[in-house]
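Pull up the model and take a slow walk through it with me. We'll go from the strands to the pockets and finish in the core.

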Amino acid sequence: MRQAIQTEADFETGLERVTEEYVVEMCGERVVVPVGFEFNGSSIPRAFWWLAGSPFTPRYRQASGVHDRLYETHDVDRKIADRIYAAILIRDGVSPNMAALHYNAIRLFGWIAWRRVDVQS
């Protein structure tokens, strides 16, 4: 049975905090999400929830945590991070069409978050 990411919600910040180390191997990469890492779920604007689902959709949690970690660390290039996100979505039961929608949106707009991390470092 596949390990699930374990988190607790921080209702003051709106973030999820990882409570057990989460390790995934996907697209030839091994990603470790450490205890204490905080992430905000899928960054889906509210106006698009009707189409892409809400950021709190359970099937998006693993992919969101891993993707946010990769965007923070830059352990892989952005395109690989985005591919890993889509692959985890499909693994976790999201339809290939919905995963493609998420992937294309991240490819179009993810550079904003990717560069934000660069600026903060």
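How many bridges join E2 to E5? There are two, and the strands they link run antiparallel. Keep in mind as you look around that this is a predicted model. One place to find your bearings is Glu-16, which sits opposite Phe-39 in E5.

Now zoom out to the sheet those strands belong to. It is an open sheet of three strands, ordered E1-E2-E5, with antiparallel pairing. E1 and E5 are at the edges and have a single partner strand each, so one side of each has no neighbour in the sheet.

Next, the pockets. The second largest has a volume of about 150 Å³, and its lining takes in some residues you have just met: Glu-16, Phe-39 and also Asn-40 are among them. Ala-9, Asp-10, Phe-11, Gly-14 and Leu-15 line it too, as do Gly-41, Pro-55 and Phe-56. Strands E1 (7-10) and E2 (15-18) are the elements that give two or more residues to this lining. Sorted by class, the lining residues come out as six nonpolar, three polar and two charged.

The largest pocket has a volume of about 940 Å³. It has 30 lining residues, and those nearest its centre are Asn-40, Ser-42, Ser-43, Asp-68 and Ala-113. Asn-40 is worth clicking on, since the name turns up in the lining of the second largest pocket and in that of the largest. Which elements give two or more residues to the lining of the largest pocket? They are strand E5 (38-39) and the helices H1 (49-52), H2 (61-73) and H4 (96-120). H4 provides the largest share, with 11 residues. By class, this lining holds 17 nonpolar residues, nine polar and four charged.

Last stop, the core. In soluble globular proteins, nonpolar side chains tend to be buried together. Here the largest nonpolar core has 26 residues, and Val-33 and Val-66 are the ones that touch the most other members. Strands E3 (22-26) and E4 (29-33) each supply at least two of its residues, and so do H2, H3 (78-91) and H4. H3 makes the largest contribution, at five residues.

What is Val-33 in contact with, leaving aside its neighbours within four places in sequence? The list runs through Ile-5, Val-18, Glu-20, Glu-21 and Tyr-22, then on to Gly-65, Val-66 and Arg-69. Val-66, then, is both a contact of Val-33 and its companion among the core members that touch the most others.

Key
Residues numbered from 1 in each chain as written. Predicted model: local features only at pLDDT ≥ 70, side-chain atom pairs only at ≥ 80, totals over all residues. Heavy atoms only, no water. 1 Å grid on protein atoms, 1.4 Å probe; cavity = no way out; pocket = protein on both sides within 12 Å on 5 of 7 lines; lining within 4 Å. Points joined across faces, edges and corners; volume = space filled by probe spheres on them. Helix = DSSP H or I, 4+ residues; strand = E, 2+ residues; numbered from the N terminus. Nonpolar A, V, L, I, M, F, W, Y, C, P; charged D, E, K, R; others polar. Core = buried A, V, L, I, M, F, W, Y, C linked by side-chain atoms within 4.5 Å. Buried < 20%, exposed > 50% of the residue type's maximum accessible area, 1.4 Å probe, protein only. Contact = heavy atoms within 4.5 Å. Pairing = 2+ DSSP bridges.
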